[in-house]
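Open the model in your viewer and keep the selection tool ready. This tour moves strand by strand, then turns to a pocket.

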Amino acid sequence: ERAEGKTFRLGRAVSPEAVKTSFSEITSFEKSTHPNNITASMQPIMANVQAGPSKGGNDLIDVDLALGYEMPTQTSSYDERDLAIYALGVGAAHDPLDKEDLHYVYEMGDGFQALPSFAVVPALNVIFKMAKEGKQAPGMHYGFDRILHGEQYLELKRPLPPHATLTHKAKIKNIYDKGRNAIVVTEIVSSDETGEPLFVNEMTTLVRGAGGWGGDRGPTGDVNVPPDRAPDASVTEKINDNQALLYRLSGDWNPLHVDPNFATAFGFQKPILHGLCTFGYAARAVLKNFSKGDGRYFKAIRVRFSESVFPGETLVTEMWKENDQKIIFRCKVKERDKVVISNASVELYKEIPVAKPKAKAVAPSANASAASASASASNEPNSADIFGGIAKFVSKNPDLASKIQTSYLFKLSAP
């Protein structure tokens, strides 16, 4: 018998500190093996050779363990109430007489529909649920204190229904070494009751102080850069002082957006607005100006979070039409003249996509139906079987009848 131990991939430096950190795993017999010949004994070494060179990493991120990891499948559901609360959380219906916004918050009105940016909420809640349970991908050894939400991508395959039960499959899609920091891209594919993907999220997280192993730096440079001309449309909205308190009801419980003491500990003068709340404001602005407020044409949105926003500030969303299906935009805080969302775009469908028709069930043949009925008849218990079982039970428990002291009469109309 021997401990399974710890494998260090080829090319990874094995330092005394690394051995110390992994010593409990190295010496643990909770996972033990029992090789009965030299071939079995050498199997872990050969597997390490066949796996190829290490992709790198450090004490905070082990790329070999984390990259490609598929998280346990999760399910969730939402309904009209969740959609309305989210829409209010991103500023919809600030003017309760605005008909275009009203159909995002009033489920009994004509034309009620989901604000498409809601689709980030179920996906992000997958990550928050794992965090609450103290779970994360193997090889990830850092907490919330090190991470910043850097970018977000969302794509809808078709319009969100007013309610749905979803299945979420998440995996670590990419890990990049940015020198001092690291970038982790998590992909979450969410499918509806039919099993067909309904939307896909990619959440890009910056992990402070986790880079420097000499790995792939990933994509560089700016994308979706606004043209050098006046915007084709601009929307200015005052963010309510309590907006973060409303947005958090959709599931983002990070205390950085609520607790003044927590925010101060992270260097902010007060709680900051959720980046995805600003994201929702921007999505609304684009839809209002380029799809007549009809979210069913929404296909995808990509943003980079450049600066924090504080509740009470004024958000200016500037938009440029690249073509009929793509809008470039950016968001600024008016009071500080700071760009808070950059490298951003929304893509629109030319026509509203529809769900694939469900496959028609094939009617069984007469022979198959007869065989099925025969099998069912032979396998299902009849009344004689049931009363036979009762009789055996009573015979084994004679005191039970004297305790109940009741007689029952059954009138059966079929065997």
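Select strand E6, residues 181-191, together with E7: the two pair in the antiparallel sense over 10 bridges. Keep in mind that this is a predicted model.

Now pick out one pair across these strands. Glutamate 187 stands opposite glutamate 202 in E7.

Follow the chain between the two strands. E6 and E7 form a hairpin, with 5 residues between them. Click on glycine 195 in the turn: its phi is positive, about 90°.

Next, show E7 alone, residues 197-207. Is this strand mostly covered or mostly open? It is mostly covered, with 9 of its 11 residues buried, that is, under 20% relative accessible area.

Add strand E4, residues 147-156. E4 also pairs with E7 in the antiparallel sense, here over 9 bridges. Zoom in on glutamine 152, which stands opposite methionine 203 in E7.

Leave the strands and go to the second largest pocket. Its space is about 1100 Å³. Select Lys6, Thr7, Phe8, Glu25 and Leu65: of the 36 lining residues, these are the closest to the pocket centre.

Colour the lining by element. Strand E1 (2-3), helix H1 (16-21), helix H2 (23-27), helix H3 (38-51) and helix H4 (63-66) each supply at least two residues. Which of them gives the most? H3 does, with 7 residues.

Last, recolour the lining of this pocket by residue class. You should find 11 nonpolar, 14 polar and 11 charged residues.

How values were computed. Residues numbered from 1 in each chain as written. Predicted model: local features only at pLDDT ≥ 70, side-chain atom pairs only at ≥ 80, totals over all residues. Heavy atoms only, no water. 1 Å grid on protein atoms, 1.4 Å probe; cavity = no way out; pocket = protein on both sides within 12 Å on 5 of 7 lines; lining within 4 Å. Points joined across faces, edges and corners; volume = space filled by probe spheres on them. Helix = DSSP H or I, 4+ residues; strand = E, 2+ residues; numbered from the N terminus. Nonpolar A, V, L, I, M, F, W, Y, C, P; charged D, E, K, R; others polar. Buried < 20%, exposed > 50% of the residue type's maximum accessible area, 1.4 Å probe, protein only. Pairing = 2+ DSSP bridges.
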